[in-house]
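Colleague: I've got the sequence and the fold open, and I'd like to know what stands behind the labels. Can you take me through them?

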Amino acid sequence: FLLSFGLKYFNMKFKSSVSKKNASNQLAQTKAQDAEPDKTTKEDQNRDDSPRRNRNPILNLFEDDLHAELYNAKCHDVGEPLSHDTAKAFREELIRKNGKNPTSLNLGSMRLGINSVVALGTQLQAMPNRFEALNISDNSISDYGMHAIKNILANTKVKELHMASNMISHDGLEMIVDELSRNTNLKILNLGVVEGSIRKNSVGVAGADCLSAVLVKNRTLRHLNVNDNDLGTEGGKNLGIALSINKTLVILKVAENELKSEGAIPILKNAHHLEELNLARNFIKYDVGRYLYDVLYNSRTLLRLNLEFNELLPEGVKFLAKGLKQNRSLKVLNIKGNIIGDDGVFNLVKILSRNDTLENLDVSFNEISPVGAAELAANLPSSSLRVLHLSKNYLNDEALMNFGDILASSDTENTPCLEKLNFSSCRITDRGLTYFLSAIKDNEFLSSLKLCDNFISEKMESIILDLLKAAKTITEINLTGNRLSHPCLVKIKKLCSRHKEQK
């Protein structure tokens, strides 16, 4: 009996322990199942953050993933290792260039190459509306990076694209011709040159063909810059034909392309609808005179015309003056370095009283003598000029003194409204400057005076400062390149700043 009772008791205990063990196992399994969803969620979060966690910690210095990817790609382009110092410098430069403008990205002169522009295209594809203006000028994109540019044009809403000085040839330009032709967002395309850059675009005649094809089809592009691209005479002819069809482009810059007169004439023939035309440094002769007359006579929109460093001579200026006589739109005319001499000035001053729109005239570097300058000064009261550049001409103190007498007129109706005057490199001495500053002390219009690279000495420093104190309208005066001390130049700058604050 005891034996059978003991066996029963043992079985009961065994079953009880088994059931407790099973219960504890079930409880552990339940807890594990309850915790499993949280574990999965955490894993998902880690998976989402894995690109940032797994990349080089140096890239975490950038708040913006676009900036981080650009820095990483730039280091590959230039063959430099990633480092905290270079990352910090890159980040600070980006901030300095872009400030707080959220719709513009300025990457100019940042040593970017093919990898960088590919990374940029990839990043922008995910945010097509982020930027309206993109500046990647003065880098090393070259033809090999133009596929990425094509993707940027196709997948974003960029309205301004600046690619000056990037070693792009006609081969690279051909890659984006179709995309440019059908693009309805882009308004500004800059393929020109950045001053001082060692890089250069050179699309040549074949590139001019591409751009002409774009202008024929595209109806949204308004600003085209192809300065210094080796277009040549044939390139100018092709662009001229395209302008005869395209009437939406309003700004065309084709300086330094060796167009010569033969390439410039087709452009001038079809430039009546433009607002700005830059034909500087193109070996253009005076035989374009009658075409200049025609565009000025017929245009109702042209505001700025740049013809500097060509060879118009007095003969070409004669036609230019006749056109200005009839024109009622042009505000800025630059004919610097055209060897117009006094005869050219005489032709211009004849129409100054009959033209009430021209405000800015540059006749620097034109072999003008004091006689021509005196004629120009005498006609200032009847003109609408506000800015006049006379630098690097054969002038002297008498020429500046003549301007002082005209600007000192007490007759309000006959006082010129000139606001800026440039007499740099005109052989001005202490005598001319002191006379001029004394004369203009009561002038209400003149605010900016440029007299760089003259013969003004340190003996006159205290006198110049006293005269400037009296000439309270002068808010800017540039006297660098003279024999004035640095402390004097600092005092002059502070004095002008004070005048500006008091205005």
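Modeller: Let's start with a definition: buried means under 20% relative accessible area, exposed means over 50%, and partly exposed is in between, with a 1.4 Å probe and protein chains only. This is a predicted model, so local features need pLDDT of at least 70 and side-chain atom pairs count only at pLDDT 80 or more, while totals for chains, interfaces and linings use all residues. Residues are numbered from 1 along each chain as its sequence is written, and side-chain values use heavy atoms, with hydrogens and water left out.

Colleague: Why is Lys 237 called partly exposed?

Modeller: Lys 237 has 32% relative accessibility. That value falls in between the 20% and 50% limits, so partly exposed is the label. Glu 234, at 44%, counts as partly exposed too.

Colleague: What makes Lys 237 and Glu 234 a salt bridge?

Modeller: A salt bridge needs a side-chain nitrogen of Lys or Arg within 4 Å of a carboxyl oxygen of Asp or Glu. For Lys 237 and Glu 234 the N to O distance is 3.6 Å, so the pair passes the 4 Å test. Both residues lie in helix α9, three residues apart, about one turn of the helix. Helices here are DSSP runs of H or I with at least four residues, strands are E runs of at least two, and both are numbered from the N terminus.

Colleague: How many salt bridges does the structure hold?

Modeller: There are 17. One of them joins the side chains of Lys 200 and Asp 230, at 2.7 Å from N to O.

Colleague: Why do you say that the pair of Lys 200 and Asp 230 ties parts together?

Modeller: Lys 200 sits in the loop between β4 (188-190) and α8 (204-217), and Asp 230 in the loop between β5 (223-225) and α9 (232-245), so the bridge ties together parts that are 30 residues apart in sequence. Lys 200 is partly exposed at 32%, and Asp 230 is partly exposed at 38%.

Colleague: What about Glu 419 and Arg 386?

Modeller: Their closest N and O atoms are 2.8 Å apart, and they form a salt bridge. This pair links distant parts of the chain, 33 residues apart: Glu 419 is in the loop between α15 (397-407) and β12 (420-422), and Arg 386 is in the loop between α14 (370-378) and β11 (387-389). Glu 419 has a relative accessible area of 28% and Arg 386 has 32%, so both fit the partly exposed range. As for networks, salt bridges that share partners join Lys 200, Asp 228 and Asp 230 into one.

Colleague: What makes Ile 114, Val 118 and Tyr 144 a nonpolar surface patch?

Modeller: Patch residues need over 30% relative accessible area and no salt bridge; nonpolar side chains (Val, Leu, Ile, Met, Phe, Trp, Tyr) are joined within 5 Å, like charges within 9 Å. Ile 114 has 33%, so it clears the 30% limit. Ile 114 lies in helix α5 (residues 114-125), and the patch covers about 320 Å², an area from the Shrake-Rupley method with a 1.4 Å probe, where for residues only the protein chains shown count as cover.

Colleague: And how much of the whole chain is buried?

Modeller: Of its 503 residues, 48% count as buried. The chain has 18 helices and 14 strands.
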